[in-house]
Amino acid sequence: MYEQSDAAAKEVLGASVLDPEDVADEVMKGLADGRFLILPHVEVRGHCAYRATDTDRWLRGMRRLRRRIDEVAAG
């Protein structure tokens, strides 16, 4: 998905994107631990919790992220 993103999204998200090898390592650890939900990013657990328990807050965060990407794209 990242490779198909536009340049602005890559600039905003770039530092937080994990390498495929790192994701694979986390998936293997999760499988070995018997976890059902495997989240390679520590922050994603919080995002999932907000999405489930405080949808409005999660949506505000997603809108902020989209605005940042749009601002970068606009220059």
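Start by selecting Ala24, which lies in helix α2. The model on your screen is predicted. Ala24 is partly exposed, because its relative accessible area is 38%, and partly exposed covers the range between 20% and 50%. Now add Pro40 to the selection. Ala24 and Pro40 are 16 residues apart in sequence, while their C-alpha atoms are 8.8 Å apart in space.

**Helix α2**

Select residues 20-33, which make up helix α2. How far apart are the end C-alpha atoms of α2? They are 20 Å apart. The helix has 14 residues, and at 1.5 Å a residue it should span 20 Å, so the model agrees with the expected length. If you try the sum yourself, remember that the expected span uses one less than the number of residues.

Move on to Gly34, which follows α2. The phi angle of Gly34 is positive, near 75°.

Go back into the helix and select Glu21, which lies in α2. Glu21 counts as exposed because its relative accessible area is 52%, and the cut-off for exposed is over 50%. Then add Asp19, Asp22 and Asp25. Together with Glu21, these residues form a negative surface patch.

**Salt bridges at and around α2**

How many salt bridges does a search of the whole structure find? It finds three. Side chains of opposite charge can pair when their charged atoms come close.

For one of them, show the side chains of Lys29 and Glu26. They meet in a salt bridge, with N to O at 3.4 Å. Both residues lie in helix α2, three residues apart, which is about one turn of the helix. An α-helix has 3.6 residues a turn, so residues three or four places apart point the same way. Color the pair by accessibility if your viewer allows it. Lys29 is partly exposed at a relative accessible area of 47%, and Glu26 is also partly exposed, at 25%.

Next, select Arg35 and Asp33. These two form a salt bridge, and their closest N and O atoms are 3.5 Å apart. Is Asp33 buried or exposed? Asp33 counts as exposed, because its relative accessibility is 57%. Its partner Arg35 counts as partly exposed at 31%.

**Helix α4**

Select residues 55-74, which are helix α4. The 20 residues of α4 should span 28 Å at 1.5 Å a residue. The end C-alpha atoms of α4 are 28 Å apart, so here too the model agrees with the expected span.

Within α4, pick Arg66 and Asp70. They form a salt bridge, and the closest N and O atoms are 3.0 Å apart. Asp70 and Arg66 are separated by about one helical turn, because they are four residues apart in α4. Asp70 is partly exposed, with a relative accessible area of 40%. Arg66 is partly exposed as well, with 41%.

Now select Arg63, which is found in helix α4. Arg63 counts as partly exposed because its relative accessibility is 47%. Add Arg57, Arg60, Arg64 and Arg67 to the selection. With Arg63, they form a positive surface patch. Which charge does the patch of Asp19, Glu21, Asp22 and Asp25 carry? That patch is negative.

**The end of α4**

Select Ala74, which is placed in helix α4. Ala74 is exposed, because its relative accessible area is 70%. Then select Ala8 and display the C-alpha atoms of both residues. Ala74 and Ala8 are 66 residues apart along the chain, and their C-alpha atoms are separated by 8.6 Å.

For the last stop, select Gly75, just after α4. What phi does Gly75 take? Its phi is positive, about 95°. You can set Gly75 beside Gly34, the residue that follows α2, whose phi is also positive.

Conventions. Residues are numbered from 1 along each chain as its sequence is written. This is a predicted model: local features need pLDDT of at least 70, side-chain atom pairs count only at pLDDT 80 or more; totals for chains, interfaces and linings use all residues. Side-chain values use heavy atoms; hydrogens and water are left out. Patches are made of residues with over 30% relative accessible area and no salt bridge: like charges are joined within 9 Å, nonpolar side chains (Val, Leu, Ile, Met, Phe, Trp, Tyr) within 5 Å. Accessible areas come from the Shrake-Rupley method with a 1.4 Å probe; for residues, only the protein chains shown count as cover. A salt bridge is a side-chain nitrogen of Lys or Arg within 4 Å of a carboxyl oxygen of Asp or Glu. Lys and Arg count as positive and Asp and Glu as negative; His and the chain ends are not counted. The place of a charge is taken as NZ of Lys, CZ of Arg, CG of Asp or CD of Glu. Helices (H or I, at least four residues) and strands (E, at least two) are DSSP runs, numbered from the N terminus. Buried means under 20% relative accessible area, exposed over 50%, partly exposed in between (1.4 Å probe, protein chains only).
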